[in-house]
Amino acid sequence: MADIEQWLIRVSGVVQGVGYRPFVHTLATSLDLTGWVLNDTLGVQTEVCGAPDTLARFTTALKDRAPLLARVDEVHVERRTTLPGTEPPTGFEIRESRRTGRASTIVAADSHVCDDCLREVFDPADRRHRYPFSNCTHCGPRYSLIKALPYDREQTTMAVFAMCEECRAEYVNPADRRYHAQPTACPRCGPQVTLSGPEGVLAGAEEALTRTTRALAEGKIVAVKSVGGFHLAVNARDAAAVARLRTRKKRDSKPFAVMTAGLAQAARIARITDAEQELLRSPARPIVLLRKLPGALPEEVAPRNPNLGVMLPSAPLHHLLLDRPGLDVLVMTSGNISGHPIAHRNEDALAQLFEVADLILHHDRDIHVRVDDSVVRSSVHPALDEPIVTFLRRSRGYAPYPVKVDGVCGPVIAYGAELKTTVALGDGSEVYVSQHIGDLKNDETYASHREAAAHLCDLYELKPRHAACDLHPAFRARVLAGTDRPDDVVEVQHHHAHMASCMAENRLSGPTIGVVFDGAGYGEDGTIWGGEFLVGDFAAVRRAAHLRPIPLLGGDKAVAEPVRTGYALALQALDTPERAVAAFPALEVLDERQRTVFATMAARGIQSPPVSSMGRLFDGVAALLGVCAYAEYEAHGPIELEGLLDRDLALTTPYAFKVATCDNTDVVDPRPLVRAIAADLSRGTAVADISRRFHSAVVDMVVKRCTALRERTGIRQVVLSGGVFLNEFLQVNCLVELRRTGFDAHAHRLVPTNDGGIALGQVMVADARLRDTPTPV
């Protein structure tokens, strides 16, 4: 027995709820190893006995051959030589889960339905034929159902469903792919769908599905309970139905996402690259921004936009809804009343969504955690080695996977920003980033924000000693941080958090140039920033350059009415209202009285706070070109201004900014650029060509400012962050041109570049300040 060893192996990562224990069981028995495997709060632990070379092969396979949904971070081995005369165990068993202290295993994200389960759904001979909730250890809901760790059925919303004998037999059989698949169910023992109208229940089970697909084919709007919340669905090929949905949802122009029956159907409405195909078919099933094929769908789906947000079905229910001739593409937009979080409870949907929907298809499998759809974009450029994947929203399929960092002394919780907010919980080498929560403009979203923070802490059994929040005194997230931990709050400047977020996910440290462009963030001087070049690290930064401030006429009203910012820009560049309107005919949407009042406000600083915002500059230029005078959704003008480029990333001759230096800070002046735009308009230059010159000008300015800062500081490391870098032309070209100029330039890859990534940066800045005394930059 001298050649037999006993190894105790700890596997950490996403290894629960993904079929990992039966995988270990099958692997061990195939290699004639003996021992046991179990789940605990730290992940998976296994003890195996056998020859050392066989144990080594087993250990390697634990990571290299792991199940599809598993993410193995570490395999730690403790080798034990068996005592002479000691008999090794016989066989290999899967033991019951046990608690071993604080939960630290990573919760699996929700996943799409796998091919095996889907085959059963469409097999008339299978007992799960047309059952909307088929799943196994390789697929199905996870994070949206879980209440606590370890991941066992009684810790999920499936606890109320007692398994029938057949499901129980699958559940306890290590050789079955449903072994310990916690949401396992069938039509006999599991959740059921119900179709309701304003007057009450209309149908259940198969009849509910039949009536739903018939209603969609007839142009009706149906609210559908999906994996993480409700969608509002309508036939995407029915222009009148889509227009009706826009009217009822009070969403006149913002593009809708669509769901297609499969990849072939998606290819009939949009161009798809190999990288985009990989994203569409990934287990996360995100919405992917594709370049739409003109005329393939009614313009009402995504007006004045070259992109189309497309996703494939993520649940059996979606496949069943699309299983009708002529119903191959559905608009699937968030099931909420405008400005509110998506509904995820039946009672809320039934109380709210009939304002928009004709019918509601719901079911009795409760959603514990509200999780909206993720939105991503893949960008290619000949100068880049691989596509750049950018998150616009990180949620279903990705949350709550952590971002690996170089170490947080923590635990630290960060409450994010005010818009597109998320929560982050940092401890050790991991920062757990929550799903997208939304804009904290109402009590419902604020309550959801608080629930998300509490759920993350409860799930990982952490009691953060410190909280991080935005510097803005009026942000509700800041109020929550102060309420929960009034003595342990670290305030983090908005743009510093953006910069730190991009540094963290790219595993960067040390002196860095942060190019941070967004709509608004509270600055250290009490003014609103948003066009910033910062120099520093996690602990501290200084403002090295910024955009020349623009008066925000009427404060927040200017965000909803970009024509105000356009007028302010024209007044700055051309001095008088008369010259401004003569140069930019689009300003004639303002009547003479408005122009006079706004000019007075700008001149005297009345209700016109100065903002150094790149987002507002894009707003203003869009208004001056007649692209968007009044915004119907966030970044409406900038999105349509970029849309004129038709996803063609070619640079052109840029306009010029002027730069002045004051107190060791560069001030980037857009007035020469505005005058040049006026000159091009007077010559009859096409608006799309002006847009390209403007976009190229911003890229050129970024490279020149970073070059100047490198000459002063010697810093070559650059990160790009902020919501303006959701602009594909700007993000990709800045990366390419900075790298061509010798910079080590980085953009976001794992969390959104907009405020959805702020919480990660707040954790890192708070940790640096708590760990070390900040040093001057």
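## Strand 16 and its neighbours

Let us begin in the middle of a sheet: strand 16 and strand 17 (residues 388-393) run antiparallel to each other and share five bridges. Two strands count as paired when DSSP finds at least two bridges between them. Helices (H or I, at least four residues) and strands (E, at least two) are DSSP runs, numbered from the N terminus.

A word on the source: this is a predicted model, in which local features need pLDDT of at least 70 and side-chain atom pairs count only at pLDDT 80 or more, while totals for chains, interfaces and linings use all residues. Residues are numbered from 1 along each chain as its sequence is written, and side-chain values use heavy atoms, with hydrogens and water left out.

Strand 16 has another pairing as well, a parallel one with strand 12 (residues 287-292) over two bridges. The table gives one bridge for each pairing.

| Residue in strand 16 | Bridge partner | Strands paired | Sense and bridges |
|---|---|---|---|
| Val-375 | Ile-287 | 12 and 16 | parallel, two bridges |
| Arg-377 | Thr-390 | 16 and 17 | antiparallel, five bridges |

How enclosed is strand 16 (residues 375-379)? Five of its five residues are buried, so the rest of the structure largely encloses this strand. Here buried means under 20% relative accessible area, exposed over 50%, and partly exposed in between (1.4 Å probe, protein chains only). Cover comes on both faces: Val-375, Arg-377 and Ser-379 are buried on one side, and Val-376 and Ser-378 on the other.

Helix 8 (residues 274-281) makes a nice contrast in layout. Its buried residues are Glu-276, Leu-279 and Leu-280. Viewed down the axis of helix 8, they fall within an arc of 100°, so they line one face of the helix; the arc is that of the directions from the helix axis to the C-beta atoms. Asp-274, Glu-278 and Arg-281 are exposed on the face turned away from that buried side. The buried residues of helix 8 pack against several elements, among them strand 12, strand 16 and strand 17, where contact means heavy atoms within 4.5 Å.

Now for the whole protein chain. Its secondary structure comes to 23 helices and 30 strands, and 62% of its 777 residues are buried. Its C-alpha trace spans about 95 × 65 × 50 Å along the principal axes. Of the contacts with a separation of 6 or more, 72% are between residues 24 or more positions apart.
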